[in-house]
Structure formats: structure tokens, C-alpha cells
Amino acid sequence: MTNSPFTPGIAPARLDAQTLSANFDDLHPPLDGHEALVAADRCYFCHDAPCITACPTSIDIPLFIRQIATGTPEAAAKTIFDQNILGGMCARVCPTETLCEEACVRETAEGKPVEIGRLQRYATDTLMAAGVHPYARAEPTGKRVAVVGAGPAGLACAHRLAMHGHDVALYDAKEKGGGLNEYGIAYYKAVGGFAEAEVDWLLKIGGITLHTGKALGRDITLEGLKAEHDAVFLGMGLAGVNALRAEGEGRAGVLDAVGFISDLRQAGDLAKLPVGRNVVVIGGGMTAIDAAVQSKLLGAENVTVLYRRSREAMPASRYEQDLAASKGVRFIFNAMPVAVLGNGSVTALRAEYTRSEGRSLTGTGETFDIPADQVLKAIGQTLEGAPEGIEITGGKIAVTGAGRTSLPGVWAGGDCAAGGEDLTVTAVAEGRDAAEDIHASLIG
Amino acid sequence: MADLSTDFLGIKSPNPFWLASAPPTDKAYNVERAFKAGWGGVVWKTLGEAGPPIVNVNGPRYGAIWGADRRLLGLNNIELITDRPLEVNLREIKQVKRDWPDRAMIVSLMVPCEEEAWKAILPHVEDTGADGIELNFGCPHGMSERGMGAAVGQVPEYIEMVTRWCKQNTRMPVIVKLTPNITDIRYPARAAKRGGADAVSLINTISSITSVNLDDFSPEPMIDGKGTHGGYCGPAVKPIALNMVAEIARDPETQGLPISGIGGVTTWRDAAEFLSLGAGTVQVCTAAMTYGFKIVEEMKSGLSQYLDEKGMALSDLVGRAVPNVTDWQYLNLNYVTKARIDQDACISCGRCFAACEDTSHQAISMSEDRVFEVKDDECVACNLCVNVCPVEGCITMERLEAGTMDERTGKPVEPVYANWTTHPNNPGAVKAAE
């Protein structure tokens, strides 16, 4: 180890390999068999359970937990996958504290919900570890569907279409499938190459051909896809990144948090990843939290999250905020960046306190400088490469019903489509529902 | 601190908590540890006649059922009476009684159904200085096939006969332990009393198969692919035991016959319930086998606190609930209650709704935002919602005052006691003289 958290500038290997490995291990280790039984025993098997309502994919949670409790985790996994084919990833990355576990009646009763996320992982891991794929395809329909984007929405859509007997051509701009599961999730939330393994497992259904390195607008076009397929589903996510619009944004050391997270996920050796001594992350969503926490875990001495609104307004949940705080991340609320200072490379970020009046935000005039070797921008992603002629609303593809766009024969879902929260689980629900709608229109 | 000392048939013990005849009382080592832990007395594990020792199976002896979090709810066993030589047991009983004179020492016995066999063993037991004997007419497995245990306990005439032999051949108090594997517990109890028993103890274990191994298709516990019924005990059997104790306590023929209550006593509360139904002492086994001897500390502190809070002596508690045990036909049909849901305590799980809607009287409504309310015009006060609610005290039964309209029947609640014996729908109702 040549560097330490106190090494100035941006440097790799601030921590030894053992510490790095421990830092980036499973955030929530899997339940073992005994732990799963104890956790499952706490479920009350509620009538018309609030957790099901809270789940964007409406997984029958009490049923799968009862199946775990009675010694059939494989059946539990089937219950989960019936609704959410990416139930394995969702078990790891869902903000359960704002979804099923928030709705759990034991949260109401004792402030300690049933550990639904970890139980879901126990069930799905059990089935996936057996290497079996529990679904078979229906008789071939002879219909062909193009799915653009092999992220959560595209994968869910492709799988459901394949189940119904359609042939699916699945395109993705990146070198691997998985989308944000592969490139955008914090390292410690999906360890051990899980995202890649999950894609491989999902494709075992058959009937899906994955074409990587194919970006819409660059290598393929909507017109071309429409010509060769009976329907098209767009699930390419948000490839663009918002600009900071602050003076000095072009200085060395200013990065997109999305790219930073992606590099981390794809790094073979974490010790080779450079990170600043003083890191400032700008933004208030999950990307900001993931970038900040991972900077700290890589060995940055000081990591600050700067968010322009109040703690209560922050999109990242209180649970995520507390996780970051527990790792030593500092939060500054009600402040916005005004300039990136430095000579060539960034040395500090100048910020200004804000005052909010309703939805509008104004600077108070009071500024302060935060030392920074590295500034990570996590202020939202934007739609890139939307096909011409498709209706856009609020910067995303407009949809009605189960993902129908303004163009006939073209559906959309996931982050690139308007409506719904930008969550893995929401994308899965949208991809699945669009697939059912496509199926109905192709067969009907 | 309430005084828990007990005088049962003249046998004194510092508290009413005795260990039942079972593995925990099979040797001096265990019994001394139990006395050190604070148990008031023991019934030494059943001795058989002199001769070659009893043989037990060499595979599993116990089967179990569990509740949530693997809490042991019921245990069954296929162990036989003591498999140690008679003289060893007798020597150890004598030594322990000498070292612990303030504790109750009862010796459980099971010998063949012949007077000579009983005549032979009784002097040896007397010689140990033990305080009394308990006749094991209960074990449902193994020994019963040899004409002992439950084979005797299921025939009232045998109970009476053997009890009489013992009373004629010893000065020690005789407790007759009853098997629940009969149709009406009052018959064996009456037989014991006729034979001169000083007390009865109950219940012994219940014939049972706890589970079936779904891979080997063998009952558990499994011995080389086969299983046999065992004796069931533990928390799950308490309701059966309480009823049988109460039946004896209120039967005119056995009223006043001292009872040592057995069957699923796990906490001080269980013990207090047995005492209130007429038991003078309680015997514990499964709880000790599950948690160890230390549980007696909670039993003593809990019972003591309860008595203090009630301002009662232990003797006031014994039998206190017996007058309130009655037959169905005497229950007051003008006692009308309705379920009440405490909305502040409700966690909206909906179990009351599912239970009532699917399996009972459709008397609970559910709103879109998961508020559950009782429909008084449908509620028959069955209590199922109370029983399935996971929050204690959230749903309660409230009595409708006399004169209030019962919305279900459309009639005001009558102010007077009225039972089935006088109900107009009862063909055998006794009409008041006109």
C-alpha cells in the first residue's frame, strides 16, 4: 500500500486490499436457513396484505414467506418470479424501507418489519443456486419483438414475451446486459457478479437473442427494428447526464457519479481505482448516496454530499442517509454549487446557501468553500437518443396504459418512460406489463 | 412475598412446584440439582420390581411439535420407567431425603398387577424415609402392553384394587396418578377414592404420534424405520389437563379429594390456573426438560407476586375457580357481548376480517384504507377475532348492559339470568308453574 486517506489529490489504493474487500462485501449478508425460518415466523399472513400493495410488482409476500416457513423456498421463489423475474436483484436493491417493509404491519406494531427483502433473497438465491430455470416457453407464435435496452425493464419485458412464445431480439448499447443492475448499483448491494449471473439465468428461458454493443440511433434505428419485428419495446434508460451549470465545471476532477459508479462496478481490482482525498458529491438521490458511500469506502478522507434542498425533501430515503452517515459521509443541506475552484484541477467547491419558497429555490447570497480534489455530479440523468417523432413529456417518452407510446407498435418502460419512480422494481413492473399488452395485441 | 409453603396430605414442601416422575427425577444427581435450584419436591421416576433392569430403545425417545420460532409446544416420549437397578434408586432416594428433609419426596411405583408384587416393594420404599408414593397407572406405551401403567389406569376396578392393596400395606400417603387415555376421567378418580387413595395426580401423558417423516414414511420418533405411539405432554396438553382436574374437583363423588395437577405447566400462570381448579400442588416436567431447572425461580416469584397483588394466601387460591366451572346448560344466555376493536392499537393486519369473513359470521367490515370495524347486527360474539388478533388487548369483548338493544336479534338484553334448561326452544325445558 503506497497511499493512505491522507494522500493529497486523487490517488488509488488508499486502503489495503483486505480493508477494501471488507468494505465492499455484501451490505446485508444473506440469511442462513435458521435465520430465514426465524424471520419467516414473524410474518402474520395478513389479509390482502399491505406489503403486496406497496410492492410495485405486487409480489404475494405473505404466501412466499409462508412457503419459506414451511420448508419450500423453491416454491417461494416461484411465487416471487411469477410477478418479478428480477426478484433476485430487487431483493438486494429495492428500497424496502419505503416499500414493502414500510407497509408491514409489524413496522406499525413494533417498528421492526418482517425482513421481507432478505427473505426474498433467501428464496430466490436458493432456486437460482440450483441452476434451474422454472419457466418454459409456450408454443412458438412466430411473432418477433425487438426490445431495446437489456436493463430491468427490457429484461422483464423480454422474458415475459419469450414465455408467451414470441421470439425476442434484445439490444443493449453496453458490452454486457443488465443495465443499471450491472453498471449503476452500488458494489456492495450486488456482490459476486450477481447481475451478470442473473441475466444468464433469465435468458435460460430461451427465445431471447441478446445483441450487445448496439445503441439506438447509432447502430440500430427504430424504423429498422419496426421493419423486421411485429412490435418494439423501448427500455434504454437515461443515458445522458445533467450539466452542473456552475463556473469551472470543466476542471479536471469533476466527474459524473454515474460513470464513477460504473467504473467501480466493472473494476477488476478496487485498489486500482483512484479517488480524491476530499470528495464532494452533488445531488440528493440514490446515485449521490451510492457515489458518496463508495468514495468513503475506497478510502477518501472526507466525503460531503451537497444537496440544495432540505433533508426531508431529499429523494434518498432516511435509511440511505443514515447508512451514508454511518460510513462517515457528511451531509450539507440547503446549499447549491456556484463554482468549481482550482488551477486546472479542482481544489474546492464554492457553494451558496439556499432558501426555498414553495417549489422555487433562491440563493441567500452567503457562500462557503469546501476543499475538493474530486467533484461527483449526481444531479439526474436525461433521455438520450429518443427516436424522432415519438411524443416526449417532461423529458421522457410519453406513455399511456401499459407503456403504449405515441407510435403504433412501439411500447416503452423503465426510466426512459414517463411516470413511476425510477426504481429497478418499477422498471420490472413496467416491462412485464408492456409485454402482456404486446402479447395481447399480437395474439388478439 | 407471599408464603408459598404447602401442606399436601401432610407432606410439607417450601412451594407447590414439584418435578413430575420423569427423566429429570431419575437419579440423585438431577434431584439434588433440582432442590438446589429451588424445587419444592419431586416425584422420583417410576421404580419397577426388583430383577433385571428395564430395557429402553437405543434410538430417539422423544418427538416434538413446535410453534413459531421453534418454540417447543408438545413433546412425546417412548421412554419406559427407570432402567436403573431398584437398589440403586432406593439408596439414592434415602440419601437425598436425608440431605433435603424440607423437600417433598414422593416415589412413583409401577409393578405387576399382583398383590405380592406391591407387598414386596412397599417396605423398601418406606425404608427410604420417602414422604409418599404415587401409583403410576398412566404410562400409555411399553409398560401398558405388559399389563401395567395405562392398562391398569383404564380399568377402574383395577385402580381400586391396587390402591386398596397399597393402603393396606403401607403407612405412606398414596397418590394415584391417572391416565387421560379414557373417555371420562371421573370414573378412574372415583375408583381411586373408593380404594382409599389419599390423592390423585393428573394427567399422565396422552397417546400420540407427533409427526410422520415424509421421506421414510415413519412416525416420529423413528426407530429403524418404525415408530410407535408415545406419551404426549408439554404446553399443548394443558387445556386437556385443566378440564380433567376440574371434572374431578367438581364431581360430587370426588369433591375434596386432594389433587396434584400435571400437564403442560410452564409458567407461574399455568400453575396458578391448576391451583385455582383445585390442585394442591403442581408437577412439572416438560418445561424443565425444555429450559432446565432454573424456571422454578420465575414460577415462585410470579406466583408470589400474584398472590400479593390479590391479597390472597396460597390456600385461598386452591379451588377458587371450581365453583365457576359448570355445564353448558347452565350458562347465562342473557349474557350478550360484542367484539370491540381498539383502533389505536390495531395494526391493520386484517386477520380478524379474514377469520370472520371466511369462516364465521361476516361481522367485521374492511374499508379501502384498512379500517376494520365490527358489525353489531352480525356479531354473535364468538371471540374468534380476539383469538386470531396478533395484538394483545386490541380486540375485546364488551358486555351489553341490560336493556340495551342487541342489533343482531333486534331485542333488548334481558336483565335476568336465563339458561338452556328454561329456554323455549328446549323440548325438555321445565316450564314454570302457571
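## Two chains, from a helix pair outwards

Let's start with a helix pair in chain A: α5 (residues 73-83) and α9 (residues 116-129) pack at an angle of about 105°, with their axes 8 Å apart. That angle makes α5(A) roughly perpendicular to α9(A), a label that covers 65 to 115 degrees, while angles under 35 count as roughly parallel, over 145 as roughly antiparallel and the rest as oblique. On the α5(A) side the contact uses A:Pro73, A:Glu74, A:Ala76, A:Ala77 and A:Ile80, and on the α9(A) side A:Gln120, A:Tyr122, A:Ala123, A:Thr124, A:Thr126 and A:Leu127. Sorted by class, the residues of this contact come out as seven nonpolar, three polar and one charged.

Bear in mind that this is a predicted model, where local features need pLDDT of at least 70, side-chain atom pairs count only at pLDDT 80 or more, and totals for chains, interfaces and linings use all residues. Residues are numbered from 1 along each chain as its sequence is written, with chains lettered from A and ligands numbered from 1 in the order in which they are written.

**How the terms are used**

- Helices (H or I, at least four residues) and strands (E, at least two) are DSSP runs, numbered from the N terminus.
- Axes are lines fitted to C-alpha atoms, for helices over the stretch in contact, and angles run from 0 to 180 degrees between N-to-C directions.
- Two residues are in contact if their C-beta atoms, placed from the backbone, lie within 7 Å.
- Ala, Val, Leu, Ile, Met, Phe, Trp, Tyr, Cys and Pro go down as nonpolar, Asp, Glu, Lys and Arg as charged, and the others, Gly among them, as polar.

**Chain A overall**

- Chain A carries 17 helices and 19 strands.
- For 444 residues, a compact globule would have a radius of gyration near 22 Å, and chain A agrees at 22 Å; the radius is taken over C-alpha atoms, and the rule is 2.2 Å times the number of residues to the power 0.38.
- Along the principal axes, the C-alpha atoms of chain A fill a box of roughly 65 × 55 × 45 Å.
- Of its 444 residues, 48% count as buried, meaning 20 or more other C-beta atoms within 10 Å of the residue's own (exposed is 12 or fewer, partly exposed is in between, and C-beta atoms are placed from the backbone).
- Among the contacts in chain A with a separation of 6 or more, 70% come from residues 24 or more positions apart.
- Chain A splits into domain 1 (10-25 + 241-380), domain 2 (33-129) and domain 3 (144-239 + 383-443), with bounds from an automatic or database domain assignment.
- The C-alpha centres of domain 1 and domain 2 of chain A sit 33 Å apart.

**Chain B overall**

- Chain B has 13 helices and 22 strands.
- Its radius of gyration is 25 Å, which agrees with the value near 22 Å for a compact globule of 434 residues.
- The C-alpha box for chain B, along the principal axes, is roughly 75 × 60 × 45 Å.
- Buried residues make up 44% of the 434 in chain B.
- Residues 24 or more positions apart supply 69% of the chain B contacts with a separation of 6 or more.
- The domain assignment gives chain B domain 1 (6-324) and domain 2 (328-422), and 40 Å separate their C-alpha centres.

**Where the chains meet**

- Ten residues from chain A and twelve residues from chain B make the contact.
- Helix α8 (residues 105-110) gives the most to the chain A side, with three residues.
- That side of chain A has six nonpolar, two polar and two charged residues.

**Close-ups in chain B**

- B:Ile93 lies in helix α2 (residues 86-99) and counts as buried because it has 26 C-beta neighbours inside 10 Å.
- Not counting residues up to four places away in sequence, B:Ile93 touches B:Trp44, B:Met105, B:Val107, B:Thr128 and B:Ala130; B:Trp44 is 49 residues away along the chain, with 7.9 Å between the C-alpha atoms.
- Helix α6 (residues 186-194) has B:Pro188, B:Ala189, B:Arg190, B:Ala191, B:Ala192 and B:Lys193 buried.
- Those buried residues of α6(B) pack against α4 (150-153), α5 (156-169), β9 (174-177), β10 (199-202) and α7 (238-250) of chain B.
- B:Gly196, just after α6(B), takes a positive phi of about 100°.
- B:Pro415, in the segment after β22 (411-412), counts as exposed because it has 9 C-beta neighbours inside 10 Å.
- Beyond its neighbours within four places in sequence, B:Pro415 is in contact with B:Ala402 and B:Gly403.
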